[in-house]
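This explanation leads the reader through one protein model. Please keep the sequence and the coordinates at hand while reading.

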Amino acid sequence: MIEFISQLPTEYQEVEYIQSSGTQYIDTGFVVNKSDSYVLEIDGLFPSQAQAYQGCNGYMQFFVSSKYGINNESSISVGNRDTVRISYANQTATLTVNGSQAESKSWASYSGANVKLGVLRLGDTNNGWFSGGAASGTIYGYKVWKDEVLVSDCIPCYRKSDNIVGLYDLVNGVFYTNAGTGNFAKGKNSNSHSDVVITPGGVILMQYALRRRMMMAAMASIDISALSITYTGAYTDYGMVTMSDGARYRLLAFTSSGTLSIEQPVNCEVCVVGGGANGGSTDGYGSDGGVGGAGAYLKNQSVSAYNGGSVVVGAGQGVSSIADVSVNAVSGRNGGTGAGGYVAGTGDGISKYPFEDTGYSLWAGKPHCGGGGGGGTYYKKDPSRYDSKKGGDGGTNGGNGGIDTNNNSSPGGSGGAYGGGSGGNGDTHLSEQGAGKSAAYYGSGGGGAGQYNTTSHYSFTGGSGYQGIVYMRIPEEQAA
């Protein structure tokens, strides 16, 4: 027998979505300051409309019109159900849609205090609202992270006693209702955020703890090799494999965004890799080559009783996520692995091997998230002297990048292992030699462009960061 036990209190009924006509919006209860690190991720569908902002003024603002953007319209159109993510860290905001970066902007010159974070309307300083109107749209849920810790997970629902529509926060136990005028419309009743309890023999006892134990016992009897798993995006199911710890796992790799469905809830481990940063470009007038792009962040984490949901695989500089596990976007030289350049990029010192398994054959010798090499430099230092610098090498496996060095020639720095893009040559007028090379492996950064600045000036482009990837391994032995 199967029973759905809602994660919401019994006073609330989950629904598929809530919908705003343009006068309804949500106060998330959070305020953002300049030194903070926040992420707001909305599962939503926004129709084409007059430009309407939401988030928080400055640090985490974004708008919907016919396109998405922070200050400028991107190439990404509204009108579909999208995972819209605005992240703010190191005084820089990054907007991604389904893992692809729409726009990034530095807010280093802005100093708003206690800026309200809103959904469907833009919050302002001193925990107030910005004077503009609200956006119309359909919200299937939203999440908030602070310092990479999930601090809010809001589910569309209504309160049974009075049919008031809003969102229930599973993390804080708060019911958020409309902060505007009128009423949210709602979708059909749903149980998508319920625990699935499987009870052998058809008897379900009422004690919740016993229900949980029975579900775990049922999970322990699952034949993982025969488990039906489907996915709407691009992925590879490697079947049952033996990894370096000697245990057997069902291993899957997701290489584009989609929706995952697993026949029964399972305990599993996931590895989330973001998209690598792009290398810096040059204009032919400076004295330094372009910095390489940083390698992406990687996070390994266990997930309990998981039966699927949205998976986001970030493009270059994009965010990846599965379940409640996500990584921040990267841009510039600092990130999961540092890039090379005139200032060396810093990494986070965390291993970039999935599941910290350095010996598994699929990626042995291939740490993810290599840093891009810096571009070489050839420039006129003074009227009678030319100088050359070799670009710094990209970092490897969470390490720091290298710094540019004086050299008799001006080659670009090597990309870090594995797949970091190499930097462009500084002593050339040919774009194919001066341009930074694009990264070639998951989460790795692009190479910086070469700098040629003499009596002639040539501009070159940096290489592109490589997309992310999400892995999942399901142990053959499910813990009871």
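The paragraphs below take up a pocket, then salt bridges, and then points of backbone geometry. The model is a predicted one, and the values given here are computed from it.

The second largest pocket has a volume of about 490 Å³. Its lining comprises 20 residues, and those that lie nearest the centre are Asn-90, Val-330, Ser-331, Gly-332 and Asn-334. Two elements give two or more residues to this lining, namely strand E10, which covers residues 81–89, and strand E11, which covers residues 92–97. Of the elements, E10 gives the most, with three residues. In chemical character, the lining of the second largest pocket divides into 12 polar residues, seven nonpolar residues and one charged residue.

The salt bridges come next. The structure holds 12 of them, and three are described here in turn.

In one salt bridge, the side chains of Asp-27 and Lys-116 meet at 2.8 Å, taken from N to O. Asp-27 belongs to strand E4 (residues 26–32) and Lys-116 to strand E13 (residues 115–119), so this pair ties together parts of the chain that are 89 residues apart in sequence. The two partners fall into separate classes of accessibility. Asp-27 has a relative accessible area of 24% and is therefore partly exposed, whereas Lys-116 is buried because its relative accessible area is 4%, and buried means under 20%.

Strand E10, already met at the pocket, also takes part in a salt bridge. The side chains of Arg-81 and Asp-43 meet with an N to O distance of 2.7 Å. Arg-81 lies in strand E10 and Asp-43 in strand E5 (residues 38–45), so the contact ties together parts that are 38 residues apart in sequence. Arg-81 is partly exposed, at a relative accessible area of 49%. Asp-43 likewise counts as partly exposed, with a relative accessibility of 22%.

The third pair is Asp-324 and Lys-143, whose side chains meet in a salt bridge at 2.4 Å from N to O. This pair links distant parts of the chain, 181 residues apart: Asp-324 is in the loop between strand E27 (321–322) and strand E28 (325–326), and Lys-143 is in strand E16 (residues 137–146). Asp-324 is partly exposed, with a relative accessible area of 33%. Lys-143, in contrast, counts as buried because its relative accessibility is 16%, which is under the 20% limit for that class.

The backbone also deserves attention. Where does the peptide bond between Ala-417 and Tyr-418 stand, cis or trans? The bond is cis, with omega at about 5°. Tyr-418 is placed in the loop between strand E31 (405–406) and helix H2 (431–434).

Two residues other than glycine call for a look at phi. For Asn-114, phi is near 50°, a positive value in a residue that is not glycine. Asn-114 lies in the loop between strand E12 (100–106) and E13, and E13 is the strand that holds Lys-116 of the salt bridge with Asp-27. Asn-114 is partly exposed, with a relative accessible area of 34%. Asp-147 has a positive phi of about 50° as well, although Asp-147 is not a glycine. The place of Asp-147 is the loop between E16 and strand E17 (149–159), and E16 is the strand in which Lys-143 lies.

Notes:
Residues are numbered from 1 along each chain as its sequence is written. This is a predicted model: local features need pLDDT of at least 70, side-chain atom pairs count only at pLDDT 80 or more; totals for chains, interfaces and linings use all residues. Side-chain values use heavy atoms; hydrogens and water are left out. On a 1 Å grid over the protein atoms alone, a cavity is a set of points where a 1.4 Å probe fits but cannot get out, and a pocket is an open set with protein on both sides within 12 Å along at least five of seven lines; lining residues have an atom within 4 Å of a point. Grid points are joined across faces, edges and corners, and a volume is the space filled by probe spheres set on the points. Helices (H or I, at least four residues) and strands (E, at least two) are DSSP runs, numbered from the N terminus. Ala, Val, Leu, Ile, Met, Phe, Trp, Tyr, Cys and Pro count as nonpolar, Asp, Glu, Lys and Arg as charged, and the others, Gly among them, as polar. A salt bridge is a side-chain nitrogen of Lys or Arg within 4 Å of a carboxyl oxygen of Asp or Glu. Buried means under 20% relative accessible area, exposed over 50%, partly exposed in between (1.4 Å probe, protein chains only).
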